[in-house]
Structure formats: structure tokens, C-alpha cells
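Visitor: I'd like a close look at how the domains and sheets of this one are put together. Pick a spot to start from and just keep going.

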Amino acid sequence: MLTSDTIVAVATAPGAAALAVIRLSGDAAHAIVAAVFRPRRAGRLRPMRLRYGWVVDGHGALVDEVLAVVMRAPHSYTAEDMAEISCHGGTLVVQRIIACLLAAGARAAQPGEFTLRAFLNGRIDLTRAEAVMDVVAARSERALALAHQQLRGALGDAIGQLREELLGALAYCTALVDFPEDGVDALEVGEPLRRARAAAQRLLDGAAHAMRVREGARVVLCGRPNAGKSSLLNALLGHDRAIVTPYAGTTRDTIEAHADLGGLALTLVDTAGIAPTDDPIEALGIERSHQAIASADLIVALVDATGAVAALHEALAHDPARTLLVLTKCDRWPETPPLVALAHAHAPPCAGVVAVSIHQPATLAACASAITTIVLGAPADDAGAALTRPRHRDALRRAAAALDVALAGVAEHRSPDLLALDIHDAVLALDEITGAHVDDDLLAAIFSRFCIGK
Amino acid sequence: MSTPRSTTPYDVIVVGAGHAGCEAAHAAARLGCRTLLITIDLDRLAHMSCNPSIGGPAKGHLVREIDALGGLMGRITDQTFIQIRLLNESKGPAVQALRAQADKRLYAAAMKRALEHTPGLDLRQALVERIVPLQPADGSPARFAVITHTGRRYDGRALVLTTGTFLRGRAVTGEAVWAAGRAGEAPADALAGDLAGLGFPLIRLKTGTPPRIDARTIDFSLCEPQDGSPTPCYFGHYAPYGPAEPPEPWIAGAPSPVYPVAAMPAWRPQLPCFLIHTTDAFHEIVRRNLHRAPLFTGVIEGVGPRYCPSIEDKIVRFQDKPAHGMFLEPEGWHTTEVYVQGCNTSLPEDVQWAMLRSIPALQRVELMRSGYAIEYDAIAAGELTATLAARRLDGLFLAGQINGTTGYEEAAAQGLLAGINAACWLQRRAPLILRRDEAYLGVLVDDLVTKALHEPYRMFTSRAEHRLLLRHDTADLRLAPHAARLGLIDPQHAARVEQRRAALGRVRAALEQQRIYPSAAVNARLRERGIAELLHETTAALLLRRPDVCYADVRSLTELPDEAPHIIAQAETEARYGGYLERQEREVARTQRMEQHPVPDDLDVARIAGLRLEARQVLARVRPRTVGQASRLAGVNPADIAVLLVAIRRHEQQRAAARATAPEPGP
């Protein structure tokens, strides 16, 4: 901490807002942004020049449409190399972009760390820094108390068990090295490591679930004109928010509304129908629809069950894993419409398929429940054991990554002193969550497990 | 009471001539200080009061570092060992370490000779009764008077205390308790009182030693021999610079015929050690006599080390373990006295006899000395600075078990550093402070300064977070520049180390630069050598990272320099560690800024606003030298460090402002 490694944090207030700004500071800030940013027109990021483009994840998938700018040291707030990304304001979008930046080598900033760096580099004066430090100190005290509170319950048990597995494996690897002649009983370290890795995954999955319960998600309704998007929006809201007419192209701009679906706070976004058009106003609306789709946590793609098969393929063109296919106007067909059967053939890759009719409340309820189920993801086994603090999730992800390296090492029979380094890294990351100190506990673990000594 | 006064004060007085004291006195004298070494028994200099072995993981690393800094332990071990082995050979090169069995009496004799040949060093046999701090007065720069049991007084400008287990030492075997510094030697009780009087907080520690048995009563046919190394290895940095230290003539002859020696290695005669195991009967005897074990009856109060448990402790705590291994280690080339490693105990003497005789190989065994536990005073943590100087008293340095450590190597390493820094302090030179990424000695001292001790401190490889950088094959490369700057090694040796570094640099550069293409010719040659073919273009360095590839293989494919085997071995080691080494180097670079950020001496941490109470107390107690050191303290979190950094900056600004407005000195 507090070195020239590169830190990242969201600079704007959390919650629903049109835009959010993500900041990076440190030696690698420019390189890290360059690694995740695809400018619309080719060319490098140059200091103080705003560039338009997309953030893409490790698999090359678009995450969000953004504006990016880099600042060169010392001409920045922290007087270090900095970068800023302005993205859409959905919490999940911000989280995804930060995840990309973390994966590219940034570290989640400590509270107040940007200001601290600014101060240490002589950019801001003492009074201002001290004011910030007071807040930091208070916040860290409160954060610690909160973390302890959280760790007293199921989460603490889950992490404690995970750490215990790792400590056992680490003690073994270390004892082999430090006491080569003490007859340390053999242990298959792969076993506890695999158990710990699986436990970490359960916690991470649970964290995503918990995050959405707390922070909600952005659900974008899209489809061809007149597919029934606005009708579905109104039906889900329980009141008329959007104007509904039998004419295609009634909705020309995106419309946002907040809904509580099964206890889950959602932002529902109605969009202009996507179709070839010569009308410049409609074209602008369609452009916005694409933007909305890019920032969606869940895409609800509506297809007129009585319409053309081509519409079905269009609906799956975005990101099938994030897409719920909704076949509308099902009441207009005497039996199950053929398109519904066809749609079911596509699930997976898409996240789900439902058939609805505005006139059949049961189908609407099924649709609402499909939306909440997909948004929440599978709840974790460890009921209540959920990491909701982003820094804790970052730490657990790093622990999981270190464990992956250790497990690869076990597979290729890497020597115990090197395995110990990777397992140590994993425990160190966990300790950022629990506040424990691996180095204090390691020797205790060795001497309590193995009979050692001359 | 009047005491005879010595004529001229010494520069440095070292009290205690164990492993710490000998190195301290030698280093101080070597750096030009007129030095006095006082010990209770001149025949037991650097005495090995516990096992006759030196080295092992982390400890062996320390010995290599002592040698690289011009200390004695490595060289004297090389002259007097009766066996040496490379441990952890099958594990990574970073944790490989040498361990030797030394001839105990010969080691003391060789150490005495080395000290007698050190110019400027006087040796005296006496029990030091009192230490009196003096005010440096006109005419005499002495800060300390040391008074012996015969009433003689020596004055010194600096004092190094290396009193080992002698401070209020108390030995225990079963029901028998007697005052002792080591078995058979008187403790220093008055001295402990003096230290307490000076305000040093003392803690009570405990350690133990096993019985010694007579080799003539061991059935070696029932033991498993463990032979020494068939190939040459030494603690000293002779190779590749010159010939190794020859063994003492004593060892060149035949050893005691009582030990069965299957094959004597040609490079150096050696004795085996012997592995035996405890039996059910042994465990039963121990369990039946626990009510007489001082450890369990409360006779012993001191805190013993967890890594050196007594045999009674092991049997109680690990009940499901059917047998414990024990090594029989000859205490010398000619003596029949044998150390029973793994059997340290304070059970009554009759129980020690009975339990050992329950082991088949020891059915007729005779005990020459019984095992005992020893309790002693050590100075509590928080009293030391990173130079091993006492915070409480200028000119006083502390090293070895008095600082709460255990082990000959830990003691010797501290003694060396204390001797060097006492000399530097007197000569107003920059002290030697080693970083954690630079030496095990740096880790050791940093731990002593920052950590609270709960048991005697022993070095482990796992204590060194940058251990890949602290390999035993790099001790000279890491430390020779310091040693040369201070004048601890001669310039020719320093120049040879630099040549070695340059050669290694050439090999590294060539490995990075040379590219190898998957041509038919290259792949054919790889196949010939039984190595998987290349699919893509690569560098020589990356090819060498493959576990089945050696330097000669790569050199057969591309142009690489032909260097000495030790250079090539080192390049291969670096390649094998590849990514791990780079990762540790990055971590070191990352923390460097913090490590180099000093905490001003006159900063009052108790008055920093915004610091949590716990952090404030810890910082006030330990007084870290750098922000990096502060960040390692238990009870100090990252937010505290942020607050500390702000306070330091403000402090610096205020000081600068004060200087700017201070009146100019008058004419």
C-alpha cells in the first residue's frame, strides 16, 4: 500500500446516476487503461485528450461505452500518472469495469488513498490532507467494526474454515522445508487446496448474489418495434408509465422506471424498437437503445410470437448469457405458438425463455419471477455468508487466483517451498478480510500439527 | 569500596565469550578498536552447550552471511567439522542449506586460536559482577566500568553484553535445581540485578538439553547410519576464490574406533550420525513419571520454545504418534560422548536412564551427563534499535540469548553486527543496518526490534518473506559490498566477488538477448538431448526455465559465454525460479519507498491526532525507524500508516519552517 502501485476506485457517489467516474492513479495507470479500452478510432490515449470508445473484458466482450482520459505526472490530482473513465451509472457496470481494471493489474484503493498520494506528492496542503485523514481514520474504524460484525456470523465461519485449510497446507509445506529431518507426516496438499478453492468460489458466487440483492440491477427491455416492450413495462410496474399504442415506433427514447420485483430493486428501461429507419429522430432513439443494451445487467429481448423467425435471431444477437427471451402476444395463437418451441431450443445459451400475454396475469408473474431469478443468480449454499464489501471481494478473488497457481503447482509437482509462496499469498489476501496475521499463525499451526524439534 | 583502576580505557568491552561474544570482539578489533573480551572460562570460548551441530535451514544461511561479512563461525566450523551435509537437496535451491557436526572441544580451541591471532584483542577470564555507567568526564572518554568477582575494574567506551543463559541462570533435572549459567558453571546473578537497576525489563525464558551417552555402550548395529556429504561443501566462501580452509590436524587422523564408519569420503574424513526411535516402553516410562517432570509440576516457570519441545512434552502432546526419531550425534572426533538429538528433557536422572535403556540400541547405555532444563533472564522486546544498541543507554550493545533468541547461529550473527556497530558508533561511521530483503540477519534484527517475544526466537526460512533472494549461494554477492565498505574483508576478496557478479551479469544478459528459433536443426538437437521440441521462437532465458533443460543444453543451440561452474549453477537456479524471483523482486521494489521513508527520531507519536489508541501505544513502544517497519507492527493498520505519513510530513514542514526563522548565529 501507499506505494507507486496503481490503485483504482469509483470517484462518484454510489447508486443510480446517469454517469459514474472511475479513477486510477499510479505508475501503470495508463498501461492498465490501455489494456481494457478500445477507442472508437484507432490511436493511442494522449494526455488530456478525451477519447470515446468501449471497455472490453478479458474475453474481448464489450462491457460499456465510455469516455477515457489519461493525465501524465505531475499534472494530475495525485501528481502521479492518472486515468479517468466516465461510464454509465449502473452499479453493476461500474463493478464490471473495475473488475476488468483489477484483472489488468490495478489494486482496489484504500479509503482516502488518492488524497493521501496527492498530499505526499505535494499536490494538496496539510489542512486538507488532515481533514481527509480524520475521515479515513474514522471510516477505517467503522469499516473494521462493520467487518467484524459481518465476520461474526456465517461469513466468518466460512472464511475461517477456508483459512484453516490453507494454513494446514502451508504449515505442511513450510515444515518440510524448515524441519527436513523431523519425519513430518506426509500430507496430500492438493486436497485441502481444492476444498479451499471450492469454498472461495461459493463465497464469490454468493457475493454476486448478495450484491444484487443490495444494489439492484438494470433490466433493459428491447426488441423490434411493436413487440410489446412498453406494454410489458407497464404490466411489470403495475401502472402506465409508457404510452402504448398499436402503432410501431411509439417509443422513441429510452424510458426508465424503478420497480420492486419480489423484493429486488430493479431499474427497468424501455427502449425504442430496433428496425431499419430513415427517420433521423428514430435513428437517434435506436442508438440510445444500443447504449442501454450495452449497460444492461439483464437484457429482456421481446419477440412477437406471431411474427417472423428472423426476430428471434436478432434477439439472441447481443449477449445470450445476459438475455431473457420473452415471446409476447401468446394469447393470439390458439395453442403454443411454434416460435416458442423454437425459442426453447435456444435455451441455453440464453439465460431463459418465457411466453407471456398481457391478458394472462399468470404469464406475467412467471416473467417477473424469471427476471428476478436470473438477476439474482444462484444463491450461495452458505446461507448468509456473503461478502458485500467490494474490497473484500477483491481480496477473495486474489486469494482464489493465488490458489489456482498453487493448484497448478501441485499438478506439476512443484517443490514445497514454492507452493508455500503461493499458499502464503492466498492467506495474505484472506487476512485483508479478517485482519488476522498469517505470519503469527503459521508457526503456531506448524507446532500444533507436527511433532517437531530436536 | 575501592577498586583498582585499569590504566587506559578500552574502546570496546565484550562481556561473555559465547558465539555472540567471540564474533563481536573479533569484528570490533578487526575494525581497529582496542577490544577486551571477558569470559568465565577461556577453555570454553564459543562453547556448544547444546548440540554439536551448526547450520540447517535458515541457520545455515546465517552462517554463510556471517562468513560473507568477515565473521568467524563459517571458517571455524569448516576447520573442525566431523560431518557436513547439504539439506533440502530435493527441494528448491533457496531453501537448501548446509549443516555440520563440529568437534566441540576442537571448535573452542580453534576459536581461541583465531581470537589470540586477532590484533588489538585482549582475552581475560573473570566473572563480571557489576556494570557501572559512567559520565564521560574530562580526561577519560569511558562510559562504562566493568568490575569482576576479584574486584578488578576495566573501563570501556562501548560495551557489548553477550551473557547468554547466565543471567540468573537456574538448571533443573527432576527434583534437583541448582544455580548455573551452563551445566557446571556459575550464573551471573549480580549482573542481572544491575540490568534491572538500569531499568531494563527482564523476561524469563527456558530452554533444555538432552542427556549425553557413552558410545562404547551403544549397539550401533541397531542404528541407521546417516553419512556426511560425498562431495565437498563448506560454509566459507573459498570456492571459487581459493583453496578451502584445511581441517585441523586432529581431524586429519583416524577417529575414535568405537564409531562404525562404512566408507570414509575421499575429500574429507567424516563420521556418521545414527538414527534411532523411541519405543512403547519408552513412552510408558515417560508417562508413568510425569508427576516428577518439572515442566508439569510447575517447578519450571519460563517459556520454552515450541520448536524445541522436551521429549516429555512431545509424548504428552502427540499421543497418537507411536515413535519419535532421535539422532545420535558424536560430540567429537575422538571422544565417545554422544549427544541424543530429539531427547531434550528435565525428567529426573533415574528416569532418563530407564527410558533410554528401553530402546534396543541403547539397552546397556551409560549416561555421561544427564539432560537438564535451564531458565534464564532475557531483556524484553522494545529495548533494541536496528543496530542492536540499547535504547536506554548510549554505547551499550546487546547480542545473543540476552535478546531472547536461541541458537548458536542467531547469536553469532547478532554478535557480529553488534561488534561492527559498536565500532561504527565509536568511529562516527554509518552503522550497518541490513534490510529484510538483503539478509536473514536483516530479518532477524528487524523481528527483534518490531515483534514482541513470547518464546525464544529461532530463525526459520519461513520468517523471511523474500527468501528466494536470500539464497545461501548469494550471501557473498549480497553482503560483500557492505563488508568491503566497512573493511571487514580484504580488498582482493571484495574484488573477486565483484568479478563473480560481473560474470553472472554477462550470463544473465546473454540469456535474455539470445533468441532461439524452432528450426529443424534446433529441434533435432533438442530431440537428441531428450528435450521437448520448440514450437515458437523463445529466448535462451525462457528455454532454461524448463525443468529438463540445463545451461549446456541451451549453449549447444546458441552463443552463450563459457563461465565457471558456480556461475552457471547460479544462472540455472535463477532460471528455475523464473517468475517467482521476478515477483519477489517486484514486491521488494514496491515496498522500497516505505522502507526508505524514515520516521524522524524527534516525532512524538503519542501526540499524533487521528491515530488509533492501539497503534499509538505500539508505535510509542517500538519507535520504528522507517515507515516500512511501522507497517509491519502488529496493531498498526494501513489507515494508521496513512495518518503517520501525514504527521511525518507536517513534522518535516514545521522543522523546515523553524530552521528558516531561526536567528542567524552571531559573529
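Guide: Let's start in chain B, where the C-alpha centres of domain 1 and domain 4 of chain B lie 31 Å apart (domain bounds come from an automatic or database domain assignment). Five residues of domain 1 of chain B and seven residues of domain 4 of chain B make up the contact, where two residues are in contact if their C-beta atoms, placed from the backbone, lie within 7 Å. On the domain 1 side of chain B that touches domain 4 of chain B, there are two nonpolar residues, two polar and one charged. The classes are simple: Ala, Val, Leu, Ile, Met, Phe, Trp, Tyr, Cys and Pro are nonpolar, Asp, Glu, Lys and Arg are charged, and the others, Gly among them, are polar.

Some housekeeping: this is a predicted model, in which local features need pLDDT of at least 70 and side-chain atom pairs count only at pLDDT 80 or more, while totals for chains, interfaces and linings use all residues. Residues are numbered from 1 along each chain as its sequence is written, with chains lettered from A and ligands numbered from 1 in the order in which they are written.

The full assignment for chain B reads domain 1 (10–206 + 376–486), domain 2 (213–246 + 257–375), domain 3 (505–583) and domain 4 (597–659). Chain B also has an open sheet of three strands, ordered β3-β5-β4, with antiparallel pairing. (Helices, H or I with at least four residues, and strands, E with at least two, are DSSP runs numbered from the N terminus; two strands pair if DSSP finds at least two bridges between them.) β3 (53–55) and β4 (81–87) of chain B are the edge strands with a single partner each, so one side of each has no neighbour in the sheet. On average, neighbouring strands here are turned by 20° against each other, direction ignored (axes are lines fitted to C-alpha atoms, for helices over the stretch in contact, and angles run from 0 to 180 degrees between N-to-C directions). Six bridges tie β4(B) to β5 (residues 97–102) of chain B, running antiparallel, and B:Gln83 has B:Gln101 as its bridge partner in β5(B).

Further along chain B, β15 (residues 273–277) is joined to β14 (residues 224–226) by three bridges, antiparallel, with B:Glu224 opposite B:Leu275. β15(B) also pairs with β16 (residues 325–330) of chain B in the antiparallel sense, over four bridges, and there B:Ile276 is partnered by B:Met326.

Over to chain A, which has 14 helices and 13 strands. Six of its strands make an open sheet in the order β9-β10-β8-β11-β12-β13 (chain A), with mixed pairing. At the edges stand β9 (255–261) and β13 (352–355) of chain A, each with a single partner strand, so one side of each is left without a neighbour in the sheet. The twist averages 25° from one strand to the next. Helix α8 (residues 280–294) of chain A packs on this sheet, touching β8 (217–223), β10 (264–270) and β11 (298–304) of chain A, and its direction makes about 140° with that of β8(A). At one edge, β12 (residues 323–328) and β13 of chain A run parallel, joined by four bridges, A:Leu324 being matched with A:Gly352.

Chain A divides into domain 1 (7–140), domain 2 (145–209 + 383–449) and domain 3 (216–376). Eight residues from domain 1 of chain A meet seven residues from domain 3 of chain A. On the domain 1 side of chain A, β5 and α2 (91–103) of chain A each supply at least two residues, and β5(A) gives the largest share, three residues. By class, that side has four nonpolar, two polar and two charged residues.

β5 (residues 62–71) of chain A is also where A:Asp64 sits. A:Asp64 counts as buried because it has 22 C-beta neighbours inside 10 Å (buried takes 20 or more other C-beta atoms within 10 Å, exposed 12 or fewer, partly exposed anything in between, C-beta atoms being placed from the backbone). Among the residues that A:Asp64 touches, beyond four places away in sequence, are A:Trp54, A:His88, A:Ile97, A:Ala294 and A:Ser295.
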